Amino acid sequence: MNIYNEVKGAASIGISGHERPDGDCVGSVMGLYLYLKKACPEARVQVLLEKPADIFSCIQGIEEIHTNCTGDEVFDVFIALDAAKDRLGQAKECFDKAAKTINIDHHVTNSGCGDVNYIVPGASSTSELIYDVIEDKTLLDQEIAKALYIGIIHDTGVFQYSNTAPSTLRTAAELISYGFDFTELIEKTFYEKTYIQNQILGRALLESILFMEGKCVVSMVDKKTMNFYRAQPHDLDGIVSQLRVTKGVECAIFMYQTNTLEYKVSLRSGGSVDVAKVAEFFGGGGHTRAAGATMRGTFHDIVNNLSDRIAEQMREKQ
Ligand code: AMP
Ligand code: MN
Ligand code: MN
């Protein structure tokens with residue numbers, strides 16, 4: 001795909017990504033936004049997205065994001081990144097109203113919801129895909145490179161996860177040639193944790209439970225605890241990855257309460273369990289080794305339901 005050819009001539013272009021935007025979502029949306037503003041100076045280009053976490057304030061133009069989407073805005077072209085339209089929140093209505101829609105994503109569970117789709121399930125990140133669809137690399141600059149680099153490091157765990165491919169490292173090599181301080185970027189946006197984040201991580205690890213003979217681990221944070229620490233959902237990022245690296249653990253489950261009898265569930269796998277399949281069964285989605293869903297029921301119901309699907313896969317493998 002050459003994104004410029006797809007949007008050429010449009011007077012208005014909207015860009016959005018999924019709710020509770022992560023680093024790849026923010027990086028890909030902002031990288032594409034900064035590029036399209038340069039490539040299509042005549043067009044009205046707008047980002048409609050939930051407010052990103054403070055760590056992303058280093059990205060140029062982040063304050064220009066429209067965080068209060070009403071769903072009434074009408075665009076000639078609307079682009080959904082890092083998700084299918086069902087995860088766009090209010091912006092889904094703008095997607096449905098647009099004359100032309102484009103979907104760029106790397107989730108295996110997304111079959112493409114746009115008039116034009118660029119879905120590459122094996123790709124490290126949507127940010128890497130944005131680098132690919134910008135054919136005219138002469139318009140790239142340090143700020144675009146920085147945004148895309150943030151997206152790649154977040155979705156690969158700083159080039160650690162198995163989704164890191166030779167193409168990912170080549171793209172990253174091109175991006176750092178623009179000369180931003182990538183060491184600081186990695187520390188400030190990926191590794192640095194606030195005191196509250198560390199406290200809640202400690203608590204989640206302390207209360208975690210091993211099951212299925214040590215092959216699975218689960219932990220949960222309820223609303224009361226989140227209120228006590230004044231924690232936001234993004235303060236819980238990284239907890240599930242820390243649970244997953246417990247020796248012997250194949251599959252980690254972390255959940256936090258979003259409502260009465262409702263939890264946001266995160267799943268991580270060492271590779272032997274396809275957690276995208278597990279999440280999809282419960283209406284969510286994701287990747288083979290990292291997936292999520294929103295589930296209803298008590299903590300114990302949810303763990304039981306997830307365990308059944310996980311155990312089934314483990315039995316099949318034996
Ligand atoms: P999380 O555990 O929320 O960090 O999500 C892990 C991966 O699964 C990310 O790539 C998410 O974008 C994806 N994911 C999480 N929740 C859902 C969902 N409800 N539907 C589709 N994909 C999801
Ligand atoms: Mn994402
Ligand atoms: Mn992603």
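Is Asp96 buried, partly exposed or exposed? I shall begin with that residue, and I should say at once that we are looking at a predicted model. Asp96 has a relative accessibility of 40%, and therefore it counts as partly exposed.

Let us stay with Asp96 for a moment. Side chains of opposite charge can pair when their charged atoms come close. Asp96 forms a salt bridge with Lys85, and the closest N and O atoms of that pair are 2.9 Å apart. The two residues belong to distant parts of the chain: Asp96 sits in helix H3, while Lys85 sits in the loop between E3 and H3, 11 residues away. Lys85 is also partly exposed, at 26% relative accessibility.

Asp96 has a further partner. Lys92 forms a salt bridge with Asp96, with 3.0 Å between the closest N and O atoms. Here both residues lie in helix H3, and their separation of 4 residues is about one turn of the helix. Lys92 is partly exposed as well, with a relative accessible area of 29%.

The structure holds 13 salt bridges. Another of them pairs Glu262 with Arg296, the closest N and O atoms being 3.4 Å apart. Glu262 belongs to strand E9, residues 262-269, and Arg296 to strand E11, so this pair ties together parts that are 34 residues apart in sequence. Arg296 counts as exposed, at 57% relative accessibility. To return to the earlier residues, shared partners join the salt bridges of Lys85, Lys92 and Asp96 into one network.

Glu262 leads us to a glycine. Where is Gly297 found? Gly297 is in the loop between strand E11, residues 290-296, and helix H12, residues 299-317. Gly297 and Glu262 are 35 residues apart in sequence, yet their C-alpha atoms are 6.2 Å apart in space. Leaving aside residues up to four places away in sequence, Gly297 touches Leu261, Glu262, Tyr263 and Ile302. At 14% relative accessibility, Gly297 counts as buried.

I now turn to the metal ions. Which residues of the protein supply the donors of the manganese ion that is ligand 2? They are His18, through NE2, Asp22, which appears twice with an OD atom, and Asp82, through OD. These donors lie 2.1 to 2.7 Å from the ion. Along the chain, they follow the spacing H-x3-D-x59-D. His18 and Asp82 come from distant parts of the chain: His18 is in the loop between strand E1 (12-17) and helix H2 (23-39), whereas Asp82 is in the loop between E3 and H3, 64 residues apart. His18 is buried, with a relative accessible area of 3%.

Next comes the manganese ion that is ligand 3. Its protein donors are Asp24 (OD), Asp82 (OD), His106 (NE2) and Asp155 (OD), at 2.1 to 2.3 Å from the ion. The spacing of these donor residues in sequence is D-x57-D-x23-H-x48-D. Asp82 lies in the loop between strand E3 (77-81) and helix H3 (91-97), and Asp155 lies in helix H5 (residues 142-156), so the pair ties together parts that are 73 residues apart in sequence. Asp155 counts as buried, at 16% relative accessibility.

You will have noticed a residue named at both sites. Asp82 bridges the manganese ion (ligand 2) and the manganese ion (ligand 3), and the two ions lie 3.6 Å apart. Asp82 is itself buried, with a relative accessible area of 1%.

Finally, let us consider the chain as a whole. It is divided into domain 1, residues 3-191, and domain 2, residues 195-316. The C-alpha centres of domain 1 and domain 2 lie 27 Å apart. Their contact takes 8 residues from domain 1 and 13 residues from domain 2.

The size of an interface is often given as the accessible area lost when the parts come together. Between domain 1 and domain 2, the buried area is about 760 Å², and carbon and sulfur atoms give 54% of it. On the domain 1 side, Arg20, Thr109 and Ser162 lose the most area to domain 2, together 56% of what that side buries.

How many salt bridges does the rule find across the interface of domain 1 and domain 2? The count is 0. There are, however, 6 residue pairs in polar contact between domain 1 and domain 2.

Technical notes. Residues are numbered from 1 along each chain as its sequence is written. Chains are lettered from A and ligands numbered from 1 in the order in which they are written. This is a predicted model: local features need pLDDT of at least 70, side-chain atom pairs count only at pLDDT 80 or more; totals for chains, interfaces and linings use all residues. Side-chain values use heavy atoms; hydrogens and water are left out. Donors are N, O and S atoms within 2.8 Å of the metal (3.2 Å for Na, K and Ca); water is not among the atoms, so sites may look incomplete. Buried means under 20% relative accessible area, exposed over 50%, partly exposed in between (1.4 Å probe, protein chains only). Domain bounds come from an automatic or database domain assignment. Contact means heavy atoms within 4.5 Å. Buried area is the accessible area (1.4 Å probe) that two parts lose on being put together, summed over both. A salt bridge is a side-chain nitrogen of Lys or Arg within 4 Å of a carboxyl oxygen of Asp or Glu. A polar contact is a pair of N or O atoms within 3.5 Å; within protein, one must be able to donate a hydrogen and the other to accept it, and residues adjacent in sequence count only if both atoms are side-chain atoms.
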